[in-house]
Amino acid sequence: MTGDEDCVFCKIVSGEIPGDVVLSTDEVVAFRDLQPVAPTHVLVVPRAHAPDAAATAADDPALLGALVSAGAEVARQEGVSDYRLVLNTGAEAGQSVFHTHLHVLGGRAFSWPPG
Ligand code: AMP
């Protein structure tokens with residue numbers, strides 16, 4: 001899948017709605033979360049629409065590697081050496097936008113287990 005006309009992250013990828021973009025490659029776009037929960041809170045999304053990380057892995061396993069590499073590059077740009085990467089998968093796990101996205105969280109300490 002390459003796009004979904006009703007998907008907010010597809011609209012940010014295409015430029016139809018604005019995003020605070022911090023990194024853009026042929027495969028992924030990274031932009032700041034509208035409601036940050038940490039000093040660094042960036043979402044890395046594949047340009048190709050898929051509903052969640054498992055679907056992206058099924059469509060194109062290498063794209064998940066590109067997401068993580070981009071997350072590491074975002075953390076480097078932000079100057080955070082320690083960071084958390086999150087892939088909420090399914091509503092009960094906290095997923096609210098059904099376009100694969102990797103949360104890159106940093107700039108504060110995190111506890112475990114998550115809430
Ligand atoms: P999740 O709950 O894992 O699906 O994460 C979705 C994230 O997308 C949330 O943290 C929202 O704050 C964020 N979000 C939703 N709409 C936008 C938007 N237009 N621009 C940036 N972040 C958004």
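## Reading a ligand site, a salt bridge and a cis bond

Guide: Let's start with the ligand: the space it takes is the largest pocket. Keep in mind that this is a predicted model.

Visitor: Which residues are closest to the ligand, and how many surround it?

Guide: The ligand is surrounded by 16 residues, and the closest are Asp-33, Asn-88, Gly-94, Ser-96 and His-103. By type, the shell splits into 7 nonpolar, 7 polar and 2 charged residues.

Visitor: Which helix or strand gives the largest share of that shell?

Guide: That's α1, with 3 residues. Both α1 (8-14) and β2 (28-32) supply at least two residues of the shell.

Visitor: What should I look for as polar contacts with the ligand?

Guide: Look for pairs of N or O atoms within 3.5 Å. Here, a polar side-chain atom of Asn-88 sits 2.8 Å from a ligand oxygen. The backbone joins in too: a polar backbone atom of Val-97 is 3.0 Å from an oxygen atom of the ligand, and a backbone N or O atom of Leu-34 lies 3.1 Å from a ligand nitrogen. As for burial, the ligand taken alone exposes 500 Å², and the protein buries 84% of that.

Visitor: Moving on, how do I spot a salt bridge, and how many are there?

Guide: Check for a side-chain nitrogen of Lys or Arg within 4 Å of a carboxyl oxygen of Asp or Glu. By that rule, the count is 3. One of them pairs the side chains of Asp-20 and Arg-32, at 3.7 Å from N to O. This pair links distant parts of the chain, 12 residues apart: Asp-20 is in the loop between α1 and β1 (21-24), while Arg-32 belongs to strand β2.

Visitor: And the backbone: where is the cis peptide bond?

Guide: As a general idea, most peptide bonds are trans. In this model, a cis bond joins Trp-112 and Pro-113, with omega about 5 degrees. You'll find Pro-113 in the segment after β5 (102-106).

Technical notes: Residues are numbered from 1 along each chain as its sequence is written. This is a predicted model: local features need pLDDT of at least 70, side-chain atom pairs count only at pLDDT 80 or more; totals for chains, interfaces and linings use all residues. Side-chain values use heavy atoms; hydrogens and water are left out. A residue is near a molecule or strand if one of its heavy atoms lies within 4 Å of it. A polar contact is a pair of N or O atoms within 3.5 Å; within protein, one must be able to donate a hydrogen and the other to accept it, and residues adjacent in sequence count only if both atoms are side-chain atoms. Accessible areas come from the Shrake-Rupley method with a 1.4 Å probe; for residues, only the protein chains shown count as cover. On a 1 Å grid over the protein atoms alone, a cavity is a set of points where a 1.4 Å probe fits but cannot get out, and a pocket is an open set with protein on both sides within 12 Å along at least five of seven lines; lining residues have an atom within 4 Å of a point. A molecule sits in a cavity or pocket if more than half of its atoms lie within 2 Å of its grid points. Helices (H or I, at least four residues) and strands (E, at least two) are DSSP runs, numbered from the N terminus. Ala, Val, Leu, Ile, Met, Phe, Trp, Tyr, Cys and Pro count as nonpolar, Asp, Glu, Lys and Arg as charged, and the others, Gly among them, as polar.
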